[in-house]
Amino acid sequence: MKLQFSKRALACCIAAALSGNALAQGTIDEVVVTATKRAENIQDVPVSVAAVSSADMEKMGLVDMEDLSLLVPNFEINSGSILPNLYIRGLGGGTTHSIEQSAGRFVDEVYISRAAINFHPFMDVAGVEVLRGPQGTLFGKNTAAGALIIRTADPTDELEYGFDVSTSQYSTTGGQTEVSGFVSGSLSDNVSARFTALYRDWDSFYINTYEGLGPDGTQREDYGARLKVRWDVSDQMVVNFKAEHMEYDSLGADTAEISGLAGGPATWQGLAINSGVAPDLAATVNAELDWRIHVNCGEAQSAPGPQAGQSIGSFCPSRDQETDNLTVDLEYDFDAGTFKSITAYQTYDYDHRFHGADQGAVNLFRARRQESYDGFTQEFRFTSAENDTLDYIVGLYYEDSDLAREQTSDLNLPGGPFFREEEPWTQDTQTLAIFGQARWYVSDRVTALIGGRFSSEDKDFEFRRFFTEYGGDTFLFDDILPRAESRTEDKFTPSLTVQFDATDNIMLFGTYAQGHKTGGFSDRVDTQDGPIEFDEETVDSFEFGMKSTLLDGSLNLNVTLFTMDVEGLQLATQVEGTVADFAVGNAADSSVDGLELEWFWALTDELTFGGNFAYTDATYDEFVGAGSCPAEFLNASGVCDLAGQPLQFAPETKGSLFFDYDLIDAFGGWDLGMRADVTHTGSQFTDISYFPGTFQPSVETYNAGVRLVAPSDNITIQLLGKNLTDERILAWGVPSGPNFLAAMAPPREVQLRVGLRF
């Protein structure tokens, strides 16, 4: 009923907007995006792009990308899994570290190559853009599904400084406290700088029923600092420098719930008692998604079997991560155009400890993952001056990265095995690409954009697997000797867009683009000589869209139709009967078709109504051989056949509606603002196993906020409420051995924010 109501409301509002009797007295501020590597009005860009400004982020209390995904159609992200994943139109990286991202992330024009960096919160962000569909020409590899563009705030010439303080409380337990601030201004006649710092203290919303044996969910502290310096060397040359450090330390479970228990709760309550958990606490083990977890961080005993009763020591989930970035951006203006050089070095290290199989209720599976990354990127780009006939962008891109990963797993399974598994691996990657795009003004109303990118990539991969005694270093036996593999991959990805300005206020466009995600090697090796290499994934996409500004400039209405054919879809599936083994390969060909609709309507100068809606049909054309699946998907040979099933994190429908009201001089010179929104997300699977424990039914969430702004605009006080109806939402679910593990989206959160600007 809620979805039907939303559809009817949507139809009525659009009909009213397009009718001659509609009230349209407000005006819409221009939204500038960089989707074409040029700063342009979003209504003039022939790309399916959603933009969120810093002002909107403050109004809605967005603190990270997970918040952002609630508002952007066909964009999903979950940070509740071991690895944060971005999905655009149903395409993403999955639950393995082997597969590259499908949606590239760019911060201040620098490609962020590893998904782990997505764990950090937003800090002094000026704006975010989500580009849907392949972006291979201008943004490069691993943008087969789209690109996420984040712009941080730049230095100012005038002295500015400010502070933001917020505190919140969840309906279950815990909350967040965050303090951030910035100072910006000139250091000399031609040098300006901006310094930003952030601190966040987060107590998770999970309640640990094993009281006294472990913390409630995750207790996490974030720290961040950034320095940006702008040097106007001359009238033609500008050099921008950025140094950034972000880190966090957390203790407690992040993926924390059990959404399915083999043998039922009684079986696992008995195993918990055997592990040393008191009977009254063990009795709390259940498979309900209720923000309640069962994690024993204290002394534990081994599972029934040859080692029954043996102490295995204590273990508590944790994650510590540090990330650094250095960027030098040089820009030189010629009469013919602008030359830009972007040099960046990024590095991170993390140490992650987590439970599997039972999420700590019994301590059957303990894992530690340590990863370090160093990456250097260099881009040279020349953007010609705009011309009435032809202009262009050409560039060269180079990347050199080193990745080292230690994978340690302690197996304490009933009846065995009982040992420690070690799987260290390294990967060195070098990429070289040339790209270009020409914009040809065929006539006063017709424009063609023709582009392409040729890239060449080399990967060197080394892997080893061996076993030691449980919790120790005593060597037991080799499973796989050191293995070294290399691959070279060359790829050309073209694009063609035709733009037709039907009127001064209505633009139509059609686009063909090819996206590309590089191949690689599986980080799970079962046999010495078995296949571990998987090939590239390619996406052929066709889009047809309309962007319009109607009702004397008070309504922006944009529509995009798209169809995407995916060849060699890269997937990781759990090996049936195992706890932590995944098979990685090019498992399927798929099709993704759909529609995206967005509108923004200034009903008056004070009242704004907006929203979006996406319909997506993302299915496997063929997919035979997944590791495990329900019996109904087995073919005559007893093998999983998932043809016709939907892709994970690809809800058929998703949409949102919002109203924003600003009353100037409401009382005592203070302005009063109010915002309310509702978001609908259709049913979806969160894992390709398609078991019930990975399914999230359709859900509606409601958010609202009220804000006061001082007469001088230097003080803002906000009260925000998220997920006001306390909806239980499965953010991520995956099979692990006999059980199903899960992470939930936050419950209701009420937040108070105070911002000061000077």
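Visitor: Which elements each supply at least two residues of the lining of the largest pocket?

Guide: One helix, α2 (54-60), does so. The strands are β3 (49-53), β8 (125-132), β32 (555-574), β33 (582-602), β34 (607-622), β35 (653-667) and β36 (670-681). Helices here are DSSP runs of H or I with at least four residues, strands are E runs of at least two, and both are numbered from the N terminus. This is a predicted model: local features need pLDDT of at least 70, side-chain atom pairs count only at pLDDT 80 or more, and totals for chains, interfaces and linings use all residues. Residues are numbered from 1 along each chain as its sequence is written, and side-chain values use heavy atoms, without hydrogens and water.

Visitor: What makes this space a pocket and not a cavity?

Guide: Openness. On a 1 Å grid over the protein atoms alone, a cavity holds points where a 1.4 Å probe fits but cannot get out, whereas a pocket is an open set with protein on both sides within 12 Å along at least five of seven lines. The largest pocket has a volume of about 1,200 Å³, counted as the space filled by probe spheres on grid points joined across faces, edges and corners. Its lining has 45 residues, and Val-31, Ala-51, Asp-56, Phe-600 and Phe-658 are the closest to its centre. Each lining residue has an atom within 4 Å of a point.

Visitor: How do the lining residues of the two pockets divide by class?

Guide: The largest pocket has 21 nonpolar, 12 polar and 12 charged residues in its lining. For the second largest pocket the lining has 12 nonpolar, 8 polar and 14 charged residues. Ala, Val, Leu, Ile, Met, Phe, Trp, Tyr, Cys and Pro count as nonpolar, Asp, Glu, Lys and Arg as charged, and the others, Gly among them, as polar. The second largest pocket holds about 970 Å³. Nearest its centre are Glu-109, Asp-154, Asp-329, Glu-331 and Lys-340.

Visitor: Why is the contact of Arg-38 with Asp-391 called a salt bridge?

Guide: The rule asks for a side-chain nitrogen of Lys or Arg within 4 Å of a carboxyl oxygen of Asp or Glu. The closest N and O atoms of Arg-38 and Asp-391 are 3.7 Å apart, so the pair qualifies. Arg-38 sits in the loop between β1 (32-33) and β2 (40-41), Asp-391 in strand β23 (residues 390-412), 353 residues apart. By this rule the count comes to 43 salt bridges.

Visitor: What makes Glu-100 and Lys-459 a link between distant parts of the chain?

Guide: Their side chains meet in a salt bridge at 3.0 Å, N to O. Glu-100 lies in the loop between β5 (85-88) and β6 (103-107), Lys-459 in strand β26 (residues 446-468), 359 residues apart. Both Glu-100 and Lys-459 are buried, meaning under 20% relative accessible area with a 1.4 Å probe on protein chains only (exposed is over 50%, partly exposed in between).

Visitor: What does the salt bridge of Arg-420 and Asp-410 tie together?

Guide: Their closest N and O atoms are 2.7 Å apart. Arg-420 is in strand β24 (residues 418-422) and Asp-410 in strand β23, so the pair ties parts 10 residues apart in sequence. Elsewhere, salt bridges with shared partners join Lys-37, Glu-109, Asp-329, Glu-331, Lys-340, Glu-379 and Arg-381 into one network.

Visitor: How do you know that β3 and β7 are edge strands?

Guide: The open sheet has 5 strands in the order β3-β8-β9-β6-β7, with mixed pairing. β3 and β7 (110-112) each pair on one side only. Pairing needs at least two DSSP bridges between two strands. β6 and β9 have 5 bridges, in the parallel sense, so they count as paired.
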